[in-house]
Amino acid sequence: MSAAQPRTAAIILAAGKGTRMKSALPKVMHQIAGRSMIGHVVANLGPLGSQPNVVVVAPGMDQVAAEVAPLPIAVQTDQLGTGHAVGCARAALGDFPGTVLVLYGDSPFISTATLSNLVARRVAADNPAVVVLGMRPADPAKYGRLILDTAGGLDRIVEWKDASEAERAVTLCNSGVMAIDGKVLWSLIERVDNKNAKGEYYLTDIVELARRDGRACAVVEAPEAELMGVNSRAELAIAERLFQDQRRALAMEEGATLIDPASVFFAADTKLGRDVVIGPNVFFGPGVTVADDVEIRAFSHIEGAKIASGAIIGPFARLRPGAEIGIDAHVGNFVEVKNSILGQGAKANHLTYLGDADVGAKSNIGAGTITCNYDGYVKARTVIGAGAFIGSNSALVAPVKVGDGAIVGAGSVITRDVEADAIAVSRAEQVSRAGRARDFRAQRQKMKQDKARK
Ligand code: UD1
Ligand code: MG
């Protein structure tokens with residue numbers, strides 16, 4: 001956090017059951033672009049430098065605690081409402097004198113810039129006690145409504161269930177996100193009651209309470225797309241689509257060619273260099289870094305991989321976690337690479353499994369080569385030197401080493417190390433019997449005719 005930035009802390013509410021997801025997984029653990037919803041919230045909060053960031057969970061939400069670790073957790077035993085949930089973070093947050101942001105774990109798209117605007121408004125000269133992030137959704141539906149005073153300040157928030165017809169006609173809605181003056185937060189929360197249509201402790205009531213104390217409250221507006229919340233699988237799919245559309249646009253803006261953008265799926269953390277060309281139907285899982293001038297051809301599935309400049313991947317390639325593809329290396333169709341390093345200019349172009357392997361620069365891995373890296377109990381490494389040639393349909397039984405410049409004959413099963421520049425062949429000797437095929441055919445033909453005569 002730079003000295004110029006206002007001091008900020010955050011409370012992320014994630015204790016809701018998310019019943020509409022119909023899932024054994026806590027709602028905020030469901031993923032968008034390979035990252036949990038709560039992971040998105042934490043990632044967008046990151047650059048703000050807020051500290052501490054407390055996550056409010058329900059009992060038993062250990063997966064959420066693990067996902068956000070090392071952030072502190074506060075447990076809300078009973079879900080009595082958003083105001084009660086914020087109160088549960090009190091012990092973890094303490095008497096924090098700066099601005100306290102309240103975020104929802106199921107609103108994954110609020111940008112760092114919007115959060116920063118909210119905090120900036122909170123510390124403006126009129127020193128509002130509460131700044132609420134508002135939106136004007138195409139369908140205001142059952143969102144809480146933001147009721148302004150004649151001067152344009154925020155007077156109160158009314159929940160849809162408690163709202164009059166006139167209040168429901170208001171189009172400015174509560175996104176749920178707020179920035180609150182830490183000096184008055186707890187005194188406001190203590191006074192929230194549950195005398196309302198839902199019988200819940202509404203966080204939204206703190207606006208009216210602050211106004212009664214003579215403090216100003218304000219609204220900052222943001223686009224609806226950023227504030228979307230996810231409550232069902234259908235909304236999760238909409239969120240995924242929104243994210244992907246934005247990510248594709250960004251990839252192109254930053255200098256990648258996407259031949260068919262709509263069929264390319266990125267992870268939230270995919271990193272692309274310049275002049276990367278991505279063919280149709282390519283999928284990126286988490287943890288992928290692609291350098292400049294890489295071509296990723298159609299139908300490739302890539303996760304946890306690092307691809308150096310000039311490499312060509314696919315079509316139909318699968319790169320799994322720990323795959324490191326060197327400069328100008330090629331990984332072709334139906335090749336799977338896991339936890340393996342391919343050196344500069346190395347090639348594995350057809351029908352191959354490279355698992356737990358090192359492949360030296362310029363080595364050529366023939367079609368159908370398999371590194372046998374697992375014996376059912378432990379994994380072992382295959383080390384192939386530089387400039388080696390592995391003949392087609394070879395099995396390299398790890399742990400095993402093939403030296404620089406060595407050649408492995410096609411169809412070999414290699415169980416012992418091969419020294420540099422040696423040729424290793426391990427397959428049955430070829431036996432050839434002259435004329436035997438012709439004799440065989442004559443014999444069989446006769447047998448068939450004899451049988452037909454009987
Ligand atoms: C809330 C707002 C509403 C706003 C809407 C935006 C209140 C009272 N209402 O309503 O004005 O328009 O969000 O989406 O705040 N949570 C807990 N513990 C609880 C209750 C909720 O952690 O006891 C968490 C949920 O996990 C969720 C968030 O708080 O992340 C919001 O709760 P939810 O019940 O969805 O509030 P809404 O009724 O949607
Ligand atoms: Mg909600």
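In which loop is the place of S300? In this predicted model, S300 sits in the loop between β17 (295-296) and β18 (301-302), where helices (H or I, at least four residues) and strands (E, at least two) are DSSP runs numbered from the N terminus. With a relative accessibility of 2%, S300 counts as buried, a term that stands for under 20% relative accessible area, whereas exposed means over 50% and partly exposed in between (1.4 Å probe, protein chains only). When neighbours within four places in sequence are left aside, S300 is in contact (heavy atoms within 4.5 Å) with N281, V282, F283, I313, G314, P315, F316 and A317.

Residues are numbered from 1 along each chain as its sequence is written, while chains are lettered from A and ligands numbered from 1 in the order in which they are written. Local features need pLDDT of at least 70, side-chain atom pairs count only at pLDDT 80 or more, and totals for chains, interfaces and linings use all residues, with side-chain values resting on heavy atoms and leaving out hydrogens and water.

**Strand β7**

All of strand β7 (residues 130-135) is buried, 6 of the 6 residues, so the strand is largely enclosed by the rest of the structure. In a regular strand the side chains alternate between the two faces of the sheet. In β7 both faces are covered, since V130, V132 and G134 on one side and V131, L133 and M135 on the other are all buried. Pairing of two strands requires that DSSP finds at least two bridges between them; β7 is joined to β10 by 5 bridges in the antiparallel sense, with M178 in β10 as the bridge partner of V132. The strand also pairs with β11, here in the parallel sense and over 5 bridges, and L133 has V220 of β11 as its bridge partner.

**Salt bridges**

Side chains of opposite charge can pair when their charged atoms come close. The structure holds 20 salt bridges, each defined as a side-chain nitrogen of Lys or Arg within 4 Å of a carboxyl oxygen of Asp or Glu. Among them are the following pairs.

| Pair | Closest N to O |
|---|---|
| D181 and R122 | 3.8 Å |
| R191 and D213 | 2.7 Å |
| R381 and D358 | 3.1 Å |

The side chains of D181 and R122 meet in a salt bridge; because D181 lies in strand β10 (residues 173-181) and R122 in helix α5 (residues 112-122), the pair ties together parts that are 59 residues apart in sequence. D181 is buried at 3% relative accessibility, and R122 is buried at 5%. By comparison, R191 is partly exposed, with a relative accessible area of 37%, and D213 is likewise partly exposed at 44%. R381, which forms a salt bridge with D358, counts as partly exposed at 30% relative accessibility. Further salt bridges link D149, D155, R156, E167 and R211 in a network.

**Ligand 1**

Around ligand 1 there are 21 residues, of which G16, Q76, T82, E159 and N174 come nearest, a residue being near if one of its heavy atoms lies within 4 Å of the molecule. A polar side-chain atom of T82 lies 2.7 Å from an oxygen atom of ligand 1. Side-chain N or O atoms of K198 and Y104 lie 3.1 Å and 3.3 Å, respectively, from an oxygen atom of the ligand. Taken alone, ligand 1 exposes 750 Å², and the protein buries 83% of that, with accessible areas obtained by the Shrake-Rupley method with a 1.4 Å probe and, for residues, only the protein chains shown counting as cover.

Technical notes
A polar contact is a pair of N or O atoms within 3.5 Å; within protein, one must be able to donate a hydrogen and the other to accept it, and residues adjacent in sequence count only if both atoms are side-chain atoms.
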